Amino acid sequence: MYQQKTVSAILLAAGESRRFGGDKLTAPLGGRTVVEWAARALFSAPWADQRIVVAAPERVEELSALLGEFPGLEVIPGGSTRCQSSLLGLRAARGELVLVHDGARPLLDQGTVERCLAAASAEGACAAAIHAADTVKVTDGAGRVLQTTPRKNTWQVQSPQAFRRELILAAYEKADPADPALTDDCMAAERAGFPVVLVPGSPANLKITAPSDLDLAKALGPALGLWKEEPPVIRTGIGQDSHRMSPPDAPGAMVLGGVPFPGYPPLLANSDGDVVLHALCNAISGVSCENILGERADRICQSGVTDSAVYVAEALRFLSGRVIHASFTIECREPKISPRIPAMRRRIGELLDLPPDRIGITATSGEGLTGFGRGEGISVFCIVTVEG
């Protein structure tokens with residue numbers, strides 16, 4: 001109960017972690033995972049009369065097991081957008097008040113929760129937010145400034161967002177939850193004409209979007225007294241792959257490390273033959289223990305996707321932690337690798353969300369002692385270092 005009103009707490013955990021480069025919800029943080037910390041902050045308080053997790057359909061069982069410490073927990077499948085998932089959670093809610101929180105915000109404090117519930121009870125709709133510390137400018141699609149917002153009236157909205165349940169359900173009757181421009185529940189209330197108030201949140205209540213956000217959360221957790229600082233877990237994966245050369249008149253261009261090598265035919269493969277990225281996938285698999293090239297990439301290739309960058313993204317999806325360094329040794333006679341190393345480092349860095357100076361690439365002919373050094377194909381060894 002909260003001031004004689006029942007409360008349904010809803011945790012949204014159905015996102016795809018596209019910008020993170022891996023699964024941010026189960027990324028390790030302070031001896032637990034990101035989503036576990038978010039759940040503990042949301043579900044542990046006595047006012048939570050109903051606990052709901054909205055998960056990706058294929059992860060319902062996984063999150064049910066991971067968050068099994070909470071009695072009466074209901075884990076339901078979500079939708080393809082944030083607001084679709086939120087609406088599914090709202091429809092499953094039975095409380096007079098609903099509190100919606102993002103599973104990627106692990107450092108929520110109870111003071112913020114109390115302020116949200118009090119405002120929702122009194123006003124009907126609210127969100128946690130912090131004053132913008134920097135000047136905020138609105139631009140057009142070309143980056144030209146259209147407007148500078150008054151800083152004293154500019155807020156950065158967080159979650160939780162809290163509502164009287166009947167109010168937010170009525171708001172969604174006038175909104176399209178599949179609309180990508182609808183980025184949170186408060187927007188649905190605003191568009192329906194319901195007033196929304198903001199209550200002070202916390203700068204520590206950050207959302208894990210990029211790996212750098214996870215680094216910041218790891219630093220903030222001990223300072224907030226949530227856990228004791230522990231040394232990071234470092235793991236290493238080794239990967240190798242090789243492909244034969246195609247006939248000189250084969251159509252297309254060779255691709256290595258995501259970079260085209262015009263004038264050379266693609267290596268023999270069902271995919272684009274990017275042996276550098278294939279070795280990277282194998283190295284990541286050595287840490288995640290998921291056989292990406294042997295199983296998942298084959299299915300992706302059979303569906304018609306031959307871009308090896310997609311295979312790397314699939315490998316990262318199963319990686320707990322993040323790659324902090326990658327090193328490659330390429331053995332071949334042709335093409336000349338050295339001139340394209342800067343471009344390869346940049347492209348691999350984009351795939352791993354790493355600066356180029358964390359990507360090492362060397363090339364050798366091996367004095368022609370192997371078939372690769374004699375021009376029969378290309379072999380690549382890769383070592384990745386993973387933190388967390």
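**Strands, salt bridges and cover**

Trainee: What makes β4 and β5 a pair?
Mentor: Strand β4, residues 50-55, is joined to β5 by 4 bridges in the parallel sense. Strands pair when DSSP finds at least two bridges between them. With 4 bridges, β4 and β5 pass that test, so they count as paired. One bridge sets valine 53 opposite valine 75 in β5.

Trainee: Where do these data come from?
Mentor: This is a predicted model, numbered from 1 along each chain as its sequence is written. Local features need pLDDT of at least 70, side-chain atom pairs count only at pLDDT 80 or more, totals for chains, interfaces and linings use all residues, and side-chain values use heavy atoms, with hydrogens and water left out.

Trainee: What is called a helix or a strand here?
Mentor: Both are DSSP runs, numbered from the N terminus: helices are H or I with at least four residues, strands are E with at least two. By that rule the protein chain has 11 helices and 17 strands.

Trainee: In what order do the strands of the open sheet of 7 strands stand?
Mentor: The order is β5-β4-β1-β6-β10-β7-β11, and the pairing is mixed. β5 (74-77) and β11 (197-200) are the edge strands, each pairing on one side only. From one strand to the next, the twist averages 30 degrees.

Trainee: How do you know that helix α1 packs on the sheet?
Mentor: Look for contact, which means heavy atoms within 4.5 Å. Helix α1 (residues 34-43) touches β1 (7-13), β4 and β6 (97-102). Its direction makes about 170 degrees with that of β1. Axes are lines fitted to C-alpha atoms, for helices over the stretch in contact, and angles run from 0 to 180 degrees between N-to-C directions. Helix α4 (residues 110-123) packs on the sheet too, touching β1, β6, β7 (125-131), β10 (155-164) and β11. The direction of α4 makes about 55 degrees with that of β10.

Trainee: Why is one side of β12 and of β16 left without a neighbour in the sheet?
Mentor: The open sheet of 4 strands has the order β12-β17-β15-β16, with mixed pairing. β12 (234-244) and β16 (359-364) stand at its edges with a single partner strand each, so one side of each has no neighbour in the sheet. Here the twist averages 15 degrees from one strand to the next. β15 (residues 322-331) and β16 run parallel, joined by 6 bridges. Isoleucine 330 faces alanine 363 in β16. Helix α8 (residues 275-288) lies across β12, β15 and β17 (377-387).

Trainee: Why is isoleucine 238 called exposed?
Mentor: Buried means under 20% relative accessible area, exposed over 50%, and partly exposed in between (1.4 Å probe, protein chains only). Isoleucine 238 has 60% relative accessibility, so it counts as exposed. This residue lies in strand β12. In the whole protein chain of 388 residues, buried ones make up 50%.

Trainee: What makes arginine 32 and glutamate 36 a salt bridge?
Mentor: The rule asks for a side-chain nitrogen of Lys or Arg within 4 Å of a carboxyl oxygen of Asp or Glu. The closest N and O atoms of arginine 32 and glutamate 36 are 4.0 Å apart, so the pair counts. Arginine 32, at 28%, is partly exposed. Glutamate 36 counts as buried because its relative accessibility is 11%.

Trainee: Which parts of the chain does the pair of arginine 40 and glutamate 69 link?
Mentor: Their side chains meet in a salt bridge of 3.3 Å, N to O. Arginine 40 is in helix α1, and glutamate 69 is in the loop between α2 (60-66) and β5, 29 residues apart. Glutamate 69 has a relative accessible area of 43%, so it is partly exposed. Arg32, Glu36, Arg40 and Glu69 are linked in a network of salt bridges. The whole structure holds 14 salt bridges.

Trainee: Where do arginine 347 and glutamate 350 lie?
Mentor: Both are in helix α11 (residues 341-352), 3 residues apart, about one turn of the helix. Their side chains meet in a salt bridge at 3.0 Å, N to O. Arginine 347, at 27%, counts as partly exposed. Glutamate 350, with 56%, is exposed.
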